[in-house]
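Open the structure in your viewer and keep the selection tool handy. We will begin with the whole chain and then visit some residues one by one.

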Amino acid sequence: MESLYIALGAAVIALLFAVVTTQRILKEDQGTPEMRSIALLIQQGAAAFLKQEYTFLAGFVAVMTVILAVFVDFDVLDRFGEQSGELVDLPRTAIAYLVGAIASASAGYIGMFVAVRANVRTAAKARVGLNPALRVAFSSGSVMGMTVVGLSLLCIAILYLLFQHYQPLTGFAFGASSIALFARVGGGIYTKAADVGADIVGKVEAGIPEDDPRNPATIADNVGDNVGDVAGMGADLFESYSGSIVATMSLAAVAVISQGTGVSAHGIFEAASVDLTDYQDTVYTLPLLIAGLGIFASLIGTFMVRTNENANMSQLLWALRTGVFVAGGGVLAATAAAVVMLDLDWGIFFAVVVGLVAGQIIGTATEYYTAYEYKPTQALAAQAQTGAGTLIIGGLGLGMLSTAIPLLVICAAIWTTYELAGLYGIALSAVGMLSTLGVTLASDAYGPVADNAGGIAEQAHLPAEVRERTDALDSLGNTTAATGKGFAIGSAVLTSLALMVTYSQVTKIEVFNLVEVNVLVGLLIGALMPFIFGALTMGAVGRAAMAMVNEVRRQFREKPGIMDGSEQPDPAQAVAIATSGAIREMIIPGALAVAVPIAVGALAGPEALGGLLVGSIGAGSLLALMMANAGGAWDNAKKYIETGKYGGKGSDAHKAAVVGDTVGDPFKDTSGPALNILLKLMAIVAVVFGPLFLG
């Protein structure tokens, strides 16, 4: 149980760090009265959106909690209790689901609360220098990172202490996943609708700079950075982190139960050189221990991030990498010590190593295909010279090609970790990949804060060097965000695979035979789901963006004095349009992710549901990689041209690149990231409801 208490201690320390850092950020200077008034509009818009989104989600969570209590807890677990002599008197899965949903929503809200207050303080610090601005923005990201890992680890450890069984933990992961999907989709639709509206009418049609205060969609765009890229991403990565831990613990639990009853455990511990059933408590809590050690390592890594005033993009990137690499090294050293002290097989240690290394390779490959310092994106930018058509074609091709390295790395990681420690090793590698999330998420979450800081600097008419500093931080944030998406996709595949094996265990299905019609039909439906989901979310962004474009055009048409400053735009109306559109459009994609696995299992049987999981993992991982990387490449091709290449801002090449970025925005910030959650959510739904579909 020492592992459990170490995890609890680490979680508490992470949350205390987040509280202290938040207090320190709030004491920083907020700049001029004009800067403060702009920041207040962003805060109010973000709060209004989350209030409406969470009001809808509260109803969804209430209904799902009742369904779990009635159909899962008082049926499946009641039968389990009778067989084992235990009295099941609480709706454990429903309680855990509720805790997971509340914790996931809280992680997103806390991250957004800090981000919308750190943005103006980052802009104020940018007047002093680059390093002070980086420290404030990165500190706000570290609040998000430590809140996510601290809340997740604290809740999982307490639930395990209370219930002493893996089934309620799957309920916790289900709660986290369902909130994350709605938050990611809703926030993604909001931010991209506002972004597209601001770009098309502002940059292309009106010819005014990005974040120009004359653009009615500018405030909505700034709000979108927070509700999508902070609150949505926070809930997303809370789900990823929680899912990897729960999947590994569930896998260990069902393996020990199976071996204890003489049932085949399907190779879960097959490759380990010691019988891990002798370490029952250890294999349950080892993921918690590694996650806890990762928190301590991440805390050290956050203090390593700093740069000098004249830093270029490479130096800024290495400032963040230093923190990540220090944290990674710390996790490996601590895990090695834990293996020695617990007398475990070294295959477990090397499974964690493989997870961390695979994550770094995937992130580096993503960076190569999306950053404008490298040839792929530079070549894509050159295609903008012949128009938007060739740019779109080139970006789609680049996105498809970019899937090869990450997927092959994931395959190598799966094969290697299985050889090292069986299927348990595969799941543990996902925990290793996300063990440094406290600092890697900080590197990702600071980007929207820097982006907002640039918007505030532009709208408050601060000196040009302030915008240059915030733009440097924003460009770096785009690179780290693309790298973070690679991590998320890699961990999603590994976690989904572990959950699929857990599903086979709880349903006692040893083989999913592709020759059987039910399995084959399920596989094809599973492969279809990512495309249907992608189509729904892309279409949602398109419809919401149309409403935003029409509103901005209306204001420019009816208030011609906006351009010369004699009339003021109405940002509140643009914010209201983005909010209502996002809330309305997120419902169907989110509901389908839960309803389809249940429908397939109920109508076609548990074998078909297993096939659905196989198909969704294969198709979804590739589509998510393609969308994320194509979108990132289009975005950075535009930024490369804005540095002065091919005519710079205002040129025909730049206009074509803006169109490409418009297509890429929902690719990389709405549909692509949400697919990661889709894979894990359908898998966890299968694990939770799977026993109900047995004859």
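Here is a tour of the chain, stop by stop.

**Stop 1: the whole chain**

Before you click on anything, keep in mind that this is a predicted model. Show the chain as a cartoon and look at its secondary structure. How many helices and how many strands does the chain have? There are 19 helices and 0 strands. The radius of gyration is 24 Å, close to the 26 Å that the globule rule gives for 695 residues, so the chain is as compact as a globular protein of that length. Turn the model to follow its principal axes: the C-alpha trace spans about 80 × 50 × 45 Å along them.

Now switch on the surface. Its accessible area comes to about 22,900 Å², and carbon and sulfur atoms hold 64% of that. Of the 695 residues, 64% are buried. Contacts tell us about the fold too: among those with a separation of 6 or more, 85% join residues that sit 24 or more positions apart.

Next, colour the charged side chains. You should find 35 positive and 54 negative ones, and the centres of these two sets lie 9 Å apart.

**Stop 2: two cysteines**

Select C155 and C411. A disulfide is a covalent bond between the sulfur atoms of two cysteines. How many disulfides does a search of the whole structure find? The search finds 0. C155 has a relative accessible area of 14%, which is under the 20% cut-off, so it counts as buried. C411, with 43%, is partly exposed.

**Stop 3: two loops with a positive phi**

Go to H461, in the loop between α13 (437–459) and α14 (464–506). Its phi is positive, about 60°, although H461 is not a glycine. Is H461 buried or exposed? Its relative accessibility is 60%, which is over 50%, so H461 counts as exposed.

Then move on to Y646, which you will find in the loop between α18 (606–642) and α19 (652–689). This residue is not a glycine either, and it has a positive phi of about 55°. With a relative accessible area of 33%, Y646 is partly exposed.

**Stop 4: along helix α14**

Select S496, a residue of helix α14. Its relative accessible area is 0%, so S496 is buried. Which residues does S496 touch, if those up to four places away in sequence are not counted? They are I617, L679, K680 and A683. Show their side chains together with S496 to see this group of contacts.

Stay in helix α14 and pick L476. This residue is also buried, at 0% relative accessibility. Draw a distance line from the C-alpha of L476 to that of I290: the two residues are 186 apart along the chain, and their C-alpha atoms are separated by 29 Å.

**Stop 5: A126 in helix α3**

Select A126, which lies in helix α3 (residues 92–126). Is A126 buried or exposed? It is buried, with a relative accessible area of 0%. Leaving out neighbours within four places in sequence, A126 is in contact with A133, V466, R469 and T470. Add V136 to the selection as well: A126 and V136 are 10 residues apart in sequence, with 9.6 Å from C-alpha to C-alpha.

**Stop 6: V204 and a partner far along the sequence**

Select V204 in helix α5 (residues 166–206). V204 counts as partly exposed, at 30% relative accessibility. Which residues is V204 in contact with, leaving aside its neighbours within four places in sequence? The answer is D199 and V658. Look at V658: it is 454 residues from V204 in sequence, while the C-alpha atoms of the two are 7.6 Å apart in space.

**Stop 7: S37 in helix α2**

Finish with S37, found in helix α2 (residues 33–84). Its relative accessible area is 39%, so S37 is partly exposed. Now select A460 too. In sequence, S37 and A460 are 423 residues apart, and in space 9.5 Å separates them, C-alpha to C-alpha.

Notes. Residues are numbered from 1 along each chain as its sequence is written. This is a predicted model: local features need pLDDT of at least 70, side-chain atom pairs count only at pLDDT 80 or more; totals for chains, interfaces and linings use all residues. Side-chain values use heavy atoms; hydrogens and water are left out. Helices (H or I, at least four residues) and strands (E, at least two) are DSSP runs, numbered from the N terminus. The radius of gyration is taken over C-alpha atoms; the globule rule is 2.2 Å times the number of residues to the power 0.38. Buried means under 20% relative accessible area, exposed over 50%, partly exposed in between (1.4 Å probe, protein chains only). Contact means heavy atoms within 4.5 Å. Accessible areas come from the Shrake-Rupley method with a 1.4 Å probe; for residues, only the protein chains shown count as cover. Lys and Arg count as positive and Asp and Glu as negative; His and the chain ends are not counted. The place of a charge is taken as NZ of Lys, CZ of Arg, CG of Asp or CD of Glu. A disulfide is a pair of cysteine sulfur atoms within 2.5 Å.
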